[in-house]
Amino acid sequence: MGASHVPLLSMRGISKNFGAVEALVGVDLDVHAHEVVALVGDNGAGKSTLAKIVAGAYTADAGLIEIDGQPTTIATPGAARELGVATVFQDLALCDNLDVTSNLFLGREVRNGPLRDDGYMEATARRVLNALNSRIPSVRSPLSTLSGGQRQAVAIARTLIGDPRIVVLDEPTAALSVAQTAEVLTHIERLRELGLGVILISHNMTDVRAVSDRIVVLRHGRNNGTFEAATTSHEEVLAAITGATVRREPRLHALR
Ligand SMILES: Nc1ncnc2c1ncn2[C@@H]1O[C@H](COP(=O)(O)OP(=O)(O)OP(=O)(O)O)[C@@H](O)[C@H]1O
Ligand SMILES: [Mg+2]
């Protein structure tokens with residue numbers, strides 16, 4: 001748990017409908033600095049929808065969001081970036097034909113007068129990859145030559161370019177081998193060491209238990225339990241995911 005009691009991000013009563021589909025109903029979520037919060041639940045539970053609301057890609061129909069205790073709205077992806085929220089979506093949105101540096105700076109190339117400032121961008125690319133303890137051979141490697149785990153590292157490193165405080169990762173290990181997964185999990189631990197708040201969306205309970213501090217379960221778009229990772233059994237979390245247990249716990253403190 002983070003040392004600070006004011007969460008970096010606090011969401012209360014978040015609801016989102018798509019026509020007749022209630023994707024989220026009154027969902028609460030807190031993330032502190034130096035904390036990895038796993039967001040788990042079955043297919044269609046609403047995880048990605050919540051991630052997109054944090055990312056400013058969707059707007060909630062109801063609910064409140066605070067960052068550092070300040071009420072805020074995250075109306076656009078640009079607003080999310082300015083608030084220090086960075087997201088890696090389920091499809092990484094990287095370009096295979098470009099090198100690592102170009103992918104990190106995709107859509108925000110740094111110029112020095114009329115020219116791309118390749119020296120600056122490559123130095124920054126090395127810096128953020130080092131910060132993640134990434135072992136990518138060269139920042140000039142074309143993405144097509146990297147493993148799935150290394151691509152995920154590039155996608156995570158890309159979020160660090162904007163100097164975020166909250167990073168949302170949607171299924172970062174879904175398509176990875178065991179070794180690649182282990183590598184990505186160390187990157188997530190680095191994000192926590194760097195003081196960020198991390199929301200980790202995952203189906204893989206082994207990964208979740210390996211790196212998360214707290215586990216928040218969604219079921220059919222609703223909160224169905226929050227667990228301390230260190231003191232909760234696999235079975236308890238699974239039961240909350242499948243609905244074998246229904247946890248109508250006391251709601252988190254209302255926002256002011
Ligand atoms: N753009 C959309 N239009 C209509 N319905 C949507 C849209 N996005 C999500 N939904 C619906 O909202 C619900 C929640 O979807 P969401 O993608 O958030 O689930 P998820 O927990 O991320 O699932 P998964 O584990 O499969 O990624 C589902 O019923 C889904 O079909
Ligand atoms: Mg999803």
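These legends walk through several close-up views of a predicted model.

**View 1. The stretch that carries the domain annotation.**
Let's start with the record: an unreviewed UniProt entry puts the feature "domain: ABC transporter" at residues 9–245. Over that stretch the chain is 33% helix and 28% strand. If you look for its two ends, their C-alpha atoms sit 27 Å apart.

**View 2. A sheet of six strands with mixed pairing.**
Here you can follow 6 strands across an open sheet, in the order β6-β9-β10-β3-β11-β12, with mixed pairing. β6 (85–88) and β12 (222–228) are at the edges with a single partner strand each, so one side of each has no neighbour in the sheet. On average, neighbouring strands in this sheet are turned by 20 degrees against each other, direction ignored. At the β6 edge, 4 bridges link β6 to strand β9 (residues 166–170), and the two run parallel. One pairing to pick out there is V85, which faces I166 in β9.

**View 3. Two helices packed on the six-stranded sheet.**
Helix α6 (residues 178–193) lies across β3 (35–40), β9 and β10 (197–201). Its direction makes about 155 degrees with that of β10. Helix α8 (residues 234–242) also packs on this sheet, where α8 touches β3, β11 (214–219) and β12. Compared with β11, the direction of α8 is off by about 25 degrees.

**View 4. A sheet of four strands, paired antiparallel.**
Now for another open sheet: 4 strands in the order β2-β1-β4-β5, with antiparallel pairing. Which strands stand at its edges? They are β2 and β5 (70–72), and each has a single partner strand, so one side of each is left without a neighbour in the sheet. Neighbouring strands here are turned by 30 degrees against each other on average, again ignoring direction. Across this sheet, α1 lies over β1 and β2, running at about 60 degrees to β2.

**View 5. Strand β1 and its two partners.**
Zoom in on β1 (residues 9–18), which pairs with β4 (residues 62–67) in the antiparallel sense over 5 bridges. Two of the residue pairs to find are M11 with its bridge partner I65, and S15 opposite A62. Towards β2, β1 is joined by 7 bridges, and these two strands run antiparallel as well. On that side, L9 has V31 as its bridge partner, while K16 has L24. The hairpin of β1 and β2 has 2 residues between the strands, and G19 in this hairpin takes a positive phi near 60 degrees.

**View 6. The shell around ligand 1.**
Which residues surround ligand 1? The list reads F18, V21, A23, G41, N43, G44, A45, G46, K47, S48 and T49. Both β2 (21–31) and α1 (47–54) supply at least two residues of this shell. The largest share comes from α1, with 3 residues. Sorted by class, the shell has 4 nonpolar, 6 polar and 1 charged residues.

**View 7. T226, in an edge strand of the six-stranded sheet.**
T226 lies in strand β12, one of the strands at the edges of that sheet. Leaving out residues up to four places away in sequence, T226 touches R214 and V216. T226 counts as partly exposed because it has 18 C-beta neighbours inside 10 Å, and a buried residue would need 20 or more. L29 is also worth finding: T226 and L29 are 197 residues apart in sequence, yet their C-alpha atoms are 9.3 Å apart in space.

**View 8. Two loop residues with a positive phi.**
Most residues other than glycine have a negative phi. Against that background, take a look at N133, which is not a glycine but has a positive phi of about 60 degrees. N133 is in the loop between α4 (118–131) and α5 (148–161). H220 also has a positive phi, near 50 degrees, without being a glycine. You'll find H220 in the loop between β11 and β12. Are these residues buried, exposed or partly exposed? N133 has 13 C-beta neighbours inside 10 Å and so counts as partly exposed; H220, with 15 inside 10 Å, is partly exposed too.

Key
Residues numbered from 1 in each chain as written. Chains lettered and ligands numbered in written order. Predicted model: local features only at pLDDT ≥ 70, side-chain atom pairs only at ≥ 80, totals over all residues. Pairing = 2+ DSSP bridges. Axes fitted to C-alpha atoms, helices over the stretch in contact; angles between N-to-C directions. Contact = placed C-beta atoms within 7 Å. Near = placed C-beta within 6 Å. Nonpolar A, V, L, I, M, F, W, Y, C, P; charged D, E, K, R; others polar. UniProt positions renumbered as here; feature names shortened; annotations may be inferred. Buried ≥ 20, exposed ≤ 12 C-beta atoms within 10 Å, placed from the backbone.
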